[in-house]
Structures are given as C-alpha cells and as structure tokens.
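Reader: I would like to learn how to read side-chain features from a model, taking one kind of feature at a time. Could you begin with the rings and then go on to the charges?

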Amino acid sequence: MALLSLQNITLSFGGPPVFDGIGLQIEAGDRLCLMGRNGTGKSTLLRLMAGELPPEGGQIQRQQGLTVASVWQDVPTELAGTVFDIVAAGMGEASRLLSAYHNLAHRLAREQSEELLAELEELQHKLEESGGWTLHRSVEQILPHLELDADAEFATLSGGTKRRVLLARALISDPDILLLDEPTNHLDIATILWLEEFLLRSVTTLVFVTHDRAFARRIANRTAELDRGRLYAFTCGYDQFVERREALLEAEITRQALFDKKLAQEEAWIRQGIKARRTRNEGRVRALKKLREEYRQRQERQGTAKLQLQEAARSGALVAEVENVSFSYDGRPLVREFSTTVMRGDKIGIIGPNGSGKTTLLRLLLGELEPTAGTVKLGTRREVLYFDQMRSQLDLNATVQENVGEGNDTVTVGGRQRHVIGYLQDFLFSPERARTPVHILSGGERNRLLLAKLFTRPANVLVMDEPTNDLDAETLELLEDLLAEYTGTLLLVSHDREFLNNVVTSTLALEGDGKVTESVGGYDDWLRQAEAARSAAEAPKQKSVPEKPRPEKEKPRKLSFKEERELEALPEKIAELEAAQAALHLRLGDPEFYKSAGSEVAAVNDRLAALEAELEEVYARWEELESVKG
C-alpha cells in the first residue's frame with residue numbers, strides 16, 4: 001500500500017485551476033523531485049501532502065500512523081527559543097527532556113547548586129530510559145554541519161539561518177515522508193554536498209522542490225512536473241525526465257496543430273451555411289461546439305522569458321588589478337595577500353562557505369572597499385550593474401510596473417522606447433501581474449523582476465550575487481545562455497554548481513582564514529585542480545631548486561608633456577572615428593544604396609574594416625597612456 005495517495009485532486013483560487021484532477025502515489029523509498037515553472041503550484045501541492053491545505057475535490061489517503069515533516073520557504077513567525085530547543089522539538093516527546101537538560105546544564109555552568117545538580121541527575125535518568133541520549137548526539141552532530149549555534153536565539157537570526165534551523169528540525173525527526181521546498185536556497189556548496197549525503201543515507205522517502213539541477217540529479221529516483229493544472233509523473237531520474245519531457249512537448253505541439261487545423265476546417269464549413277437540416281449536419285454542429293469549448297479551456301503553456309542585456313561601450317582592457325590585497329573584519333582575516341588581474345571579457349565565479357567573505361571580495365574588486373593592505377587598480381570606462389542577492393533595489397510596496405518604470409510609462413531598451421507593460425511581458429509578467437505590489441510576488445518572480453529592472457541599463461561589467469535563487473529551470477537556462485554570449489565582464493557569486501560550470505571561465509575560491517585560490521574553469525574544474533594540489537602536497541617533497549632572484553621592478557614613469565596632450569585629444573578622435581563608423585553602417589543598412597552603388601559597396605566595406613582597425617589602435621593607445629598616468 002502507498003504511504004500517500006492523491007486521487008483526482010482539484011483546486012483553484014478563483015482563476016484557472018491550479019490542479020485539474022491530478023493523481024499521485026508516494027511509495028516507501030521514493031525520492032520524488034517536483035518540477036515546474038514558478039507559480040504552477042509546487043509548494044501548494046506539498047502543503048496538500050502535509051495536510052495543511054484541503055483540496056476542493058478528490059481524495060487524499062494516508063497510511064495509518066503516517067508521520068510527515070516539512071520545510072517551507074517562508075519562516076513561521078510564532079517560533080521562539082534557542083536553536084537547540086527548536087531543532088530538538090522535531091524529536092517529539094524526548095524533545096522536552098532534552099531542552100530542559102540542555103538549559104539546566106548551562107545554568108549549572110554559571111551557578112553551582114546542589115539543588116540544580118540533583119535536578120540534572122533526575123533528567124539524566126529520564127533521558128536514559130527514553131533513549132534521549134542518542135537523540136541528543138544526533139542534534140549535536142547535525143548543528144555544526146548546518147553552521148548553527150545551539151545557544152543562539154531564533155528570533156535574532158537572519159531569514160536564511162532560520163530556514164537552516166527548520167531544516168535541521170525536520171531532518172532530526174526521522175519522518176515517514178520528508179517534504180522539502182527549495183532546501184538548497186541559502187546553503188553554501190559544502191553544506192549542500194553534506195545534505196545530499198545525509199538524505200541518501202538517512203532519509204527513506206522524500207518529496208522535494210528544487211531548481212538546483214545538480215541536487216536533483218543526485219537525489220531523485222522519480223520526477224514529476226506540474227504544468228497547466230496537470231501532473232506528469234516519471235519513474236526516472238532528472239536527466240531522463242528532461243529527455244522524456246521534451247518528447248512529450250513535441251507530441252503536444254503536433255497534436256495541437258492537428259486540432260487547430262480541424263477546428264479551422266469546421267469553422268470554414270459553418271460559415272458556408274448548412275445546406276439542409278439533416279442529422280449528420282446537426283451532429284457536426286454539436287461537434288464544432290465541443291471543439292470550440294475545448295479550445296476555450298485549453299491553457300497554453302506559459303511562454304518563455306525573453307532576456308536581453310544592454311551592453312555599454314567597451315571598458316578598458318584592464319577591469320581591475322589587485323596586488324597583495326588583505327582585508328580583515330573584527331580581527332578576522334577575510335582576504336589575505338591575494339593578487340589577481342581581471343581583464344575585459346573575463347567571466348569569474350566566486351565560491352566559498354557562507355560568511356567567508358565572497359561579497360567582501362566582490363567589493364574589493366569593484367573598488368567599493370578599501371583594503372587593509374595591498375593595492376587595487378581599477379580600469380577605465382567601466383559601467384557596472386549589480387544584482388544584489390537581498391534584492392534591496394526593489395521597493396516592496398510599489399508595483400512591479402513602478403519598480404521598472406520608476407515613474408515613467410516607457411523604458412529604453414536596445415535603443416528604442418518600449419512601454420513598461422510590454423517590456424515586463426518579456427519577463428513573464430502579465431499586465432494584471434505588472435500592476436500588483438512586489439511584496440506579494442514569489443521569490444522567483446522577484447528575481448525575474450530585478451533582472452527586468454537591471455537590464456534596462458547598459459553595462460560592461462555585470463556583478464551577480466546569487467542570481468539563481470528561486471528561478472525555475474527554464475529561466476535559469478535562458479540566463480546561462482545570455483551570460484555565455486555576454487561580451488562584457490562578469491563577476492558571479494553562486495552556490496549552483498551546474499550554473500557555474502556552464503557560465504564561468506575561471507573560479508576564485510575562498511577556503512577560510514583569508515586564503516583565496518584561483519583556478520581555470522568552473523566548479524568541477526576547481527574540484528579537480530584542488531584535488532591535484534592536495535595530492536601534490538601530500539606526495540614526498542623533492543629537493544627544491546633555489547629560485548632565481550626576481551629583477552627589481554622598474555620605477556613608474558610619468559607622462560611627458562606631448563603624451564599628456566595626446567591623451568587629452570584621444571576621446572575626441574575616438575568620437576570622430578565612431579561617428580564615421582556609424583554613418584557607414586547606416587549607409588549599408590539602406591536598401592536604396594545597393595540599387596546604384598555597384599563597386600562602391602566593396603569600398604565602403606573596406607573603409608569600415610580600416611576604421612575598426614584604427615579604433616583598436618586608438619583604444620590600445622588610450623589604455624597604454626592611462627596605465628602610465630595611473
């Protein structure tokens with residue numbers, strides 16, 4: 001018998017049905033990954049399974065005595081107490097004894113008392129009888145892995161840390177079914193890897209929602225997708241699910257094309273008039289009415305976001321150069337004696353544990369933070385766009401439209417004016433949704449909104465701090481493609497391993513105690529190189545060859561009077577060359593030009609090539625003089 005069975009479930013919230021007669025069975029040993037676009041009802045389905053939300057129609061059957069634990073994206077406001085108390089609460093009856101023992105032991109450490117000691121001994125006996133010591137060890141083992149302080153007050157923690165506390169409570173409870181809604185959000189890579197191992201080793205039955213493809217690939221043995229009120233379940237892992245889903249979508253497109261063709265034929269027939277009142281004609285009319293109703297009820301698959309970055313004029317070849325940079329906070333080193341050079345077009349991933357200093361390193365590279373030691377040299381003509389993981393650039397009380405338009409009805413995108421509502425539809429916001437306040441949006445919608453807001457501005461240096469949280473798989477893949485084609489410079493902080501592998505060309509890893517290592521490639525490449533470095537360090541050391549003394553650096557020279565005049569004249573010269581280039585592009589774009597130009601077309605193309613080469617030389621000279629000027 002299935003642990004949990006959903007039969008013909010229906011649910012709607014006043015609009016199109018969220019669930020339109022869906023069915024699903026959860027068997028012991030299932031690790032089901034629930035996929036779907038933002039807003040399709042994945043979290044709602046989990047709440048139905050947990051018993052927190054009743055369906056409008058259908059039945060939910062649970063095995064007698066079934067225990068279910070869940071972790072949601074939102075944090076309950078009524079929880080209070082220390083981290084230890086809240087995590088231990090997942091153990092049921094033993095949790096009361098554990099919390100009492102933990103608090104009493106802390107009191108005894110502060111104040112010696114025979115009475116307290118006697119009370120502590122009594123609690124010890126009760127814990128031994130209930131098997132509570134085993135549970136106590138489990139709590140103490142799980143808290144460090146999730147970077148949690150047992151004695152911290154829950155109310156004082158950040159939202160991300162509170163979710164880790166709730167995750168620990170659910171993991172410790174050993175339920176028959178564990179429900180997890182985006183469990184990897186706000187976790188660093190090391191913690192995600194630990195969570196994967198824990199789930200595979202200790203959790204028998206699991207239903208989870210995630211957009212972390214590497215996590216889904218490692219954990220899932222079943223996959224289901226919610227799409228337009230229907231649920232499609234597959235007995236396979238994530239990669240096989242992607243292949244089968246594509247095949248289903250292709251079949252659906254073919255089927256709908258045949259349906260539309262038949263409907264068009266019947267509409268043409270009805271417009272010609274019914275020649276006689278015969279039974280077969282009346283049946284055909286009834287069949288046409290049925291086709292019309294089916295077409296009316298058919299919900300089209302949600303469109304694909306159309307992401308487009310506006311690139312500013314090229315920055316200088318050098319974006320940033322840091323040499324022997326160190327930075328400490330409250331006496332703790334976050335970056336220690338780090339040197340690197342960021343060139344135009346580099347795509348750099350930044351990884352490391354939570355609190356290791358990833359955002360600090362970003363700010364050092366951008367020149368927003370003064371290092372405690374070392375030097376930071378910034379390049380020229382930088383136009384920086386910053387995606388903040390806290391989404392602080394959004395006004396939660398304003399509407400979606402107001403956040404993007406900033407008081408205007410239009411935005412300039414790609415050199416042309418567009419109405420804000422039309423632009424937002426590219427990011428999957430309907431006109432109705434565009435007029436709603438931001439505070440009611442889901443996490444994925446807020447991320448899409450911030451992308452829409454930022455992408456109205458041109459940039460040649462793009463800084464993205466955790467952009468993948470809450471985005472669905474399709475939007476993630478679109479963002480990957482967009483960043484892969486981006487010709488500017490990218491600085492990316494992310495815990496999404498697949499996203500890093502598909503986007504970045506080099507990786508900066510913060511490994512603790514201020515150590516920052518640099519490697520070529522994405523996350524998997526960094527893993528291989530780190531393993532090779534560890535193996536080399538553990539191998540017997542060979543006799544070292546004394547290093548040749550490095551030649552002393554030449555003293556920096558200053559610009560001559562002639563070079564200063566040359567540098568002052570270069571911007572005007574570049575503007576003239578770019579204006580000439582634009583005029584030739586305009587000429588070549590005119591269809592009338594080709595009717596009478598003849599051999600002049602080749603001459604114009606040659607002139608364009610010469611202008612491009614000259615611009616390259618002028619830009620290079622400008623950068624050379626700027627670097628000397630410092």
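Author: Let us begin with the rule for rings: those of Phe, Tyr and Trp (its six-membered ring) pair if their centres lie within 6.5 Å, and planes under 30 degrees apart count as stacked, over 60 as edge-to-face and the rest as tilted. A search of the whole structure by this rule finds six aromatic pairs. One of them joins W194 and F198, a tilted pair with 5.3 Å from centre to centre and 35° between the planes. Before going on, please note that this is a predicted model, in which local features need pLDDT of at least 70 and side-chain atom pairs count only at pLDDT 80 or more, while totals for chains, interfaces and linings use all residues. Residues are numbered from 1 along each chain as its sequence is written, and side-chain values use heavy atoms, with hydrogens and water left out.

Reader: Where do W194 and F198 lie along the chain, and is W194 buried or exposed?

Author: Helices (H or I, at least four residues) and strands (E, at least two) are DSSP runs, numbered from the N terminus. Both W194 and F198 belong to helix 7, residues 189-202, where they stand four residues apart, about one turn of the helix. For burial, the convention is that buried means under 20% relative accessible area, exposed over 50%, and partly exposed in between, with a 1.4 Å probe and protein chains only. W194 is buried because its relative accessible area is 14%, and F198, at 12%, also counts as buried.

Reader: Which other aromatic pair is tilted, and what is its geometry?

Author: Y238 and F241 form a tilted pair, with their centres 6.3 Å apart and an angle of 45° between the planes. These two residues are three apart in helix 9, so about one helical turn separates them. Y238 and F241 are both buried, and ring pairs link them with F234 into a cluster.

Reader: Turning to charges, how many salt bridges are there?

Author: A salt bridge is a side-chain nitrogen of Lys or Arg within 4 Å of a carboxyl oxygen of Asp or Glu. By this rule the count is 21. R47 and E52 form one of them, their closest N and O atoms being 2.7 Å apart. R47 is partly exposed, with a relative accessible area of 22%, and E52, at 46%, is partly exposed as well.

Reader: Which residues are linked in a network of salt bridges?

Author: The network links E196, E197, D212, R218 and R497. Within this network, the side chains of E196 and R218 meet at 3.0 Å, N to O. Because E196 lies in helix 7 and R218 in helix 8 (residues 213-219), this pair ties together parts that are 22 residues apart in sequence. R218 also forms a salt bridge with E197, in which the closest N and O atoms are 2.6 Å apart. E197 too lies in helix 7, so its bridge to R218 in helix 8 joins parts that are 21 residues apart in sequence. As for cover, E196 is buried at 1% relative accessibility, whereas E197 is partly exposed at 37% and R218 is partly exposed at 36%.

Reader: Which residues gather in a patch of negative charge on the surface?

Author: Patches are made of residues with over 30% relative accessible area and no salt bridge, like charges being joined within 9 Å and nonpolar side chains (Val, Leu, Ile, Met, Phe, Trp, Tyr) within 5 Å. Lys and Arg count as positive and Asp and Glu as negative, while His and the chain ends are not counted. The negative patch gathers E246, E250, E477, D481 and E485. Helix 9 (238-272) and helix 16 (473-485) are the elements that give two or more residues to this patch, and helix 16 gives the most, with three residues. E485 is found in helix 16 and counts as exposed, because its relative accessibility is 62%.

Reader: Finally, what sign does phi have in most residues other than glycine?

Author: Most residues other than glycine have a negative phi. N8, which is not a glycine, has a positive phi of about 55°. N8 is found in strand 1, residues 4-11, and counts as exposed at 52% relative accessibility. E406 is another residue other than glycine with a positive phi, near 50°, and its place is in the loop between helix 12 (400-405) and strand 15 (410-413). E406 is exposed, with a relative accessible area of 52%.

Technical notes. Accessible areas come from the Shrake-Rupley method with a 1.4 Å probe; for residues, only the protein chains shown count as cover. The place of a charge is taken as NZ of Lys, CZ of Arg, CG of Asp or CD of Glu.
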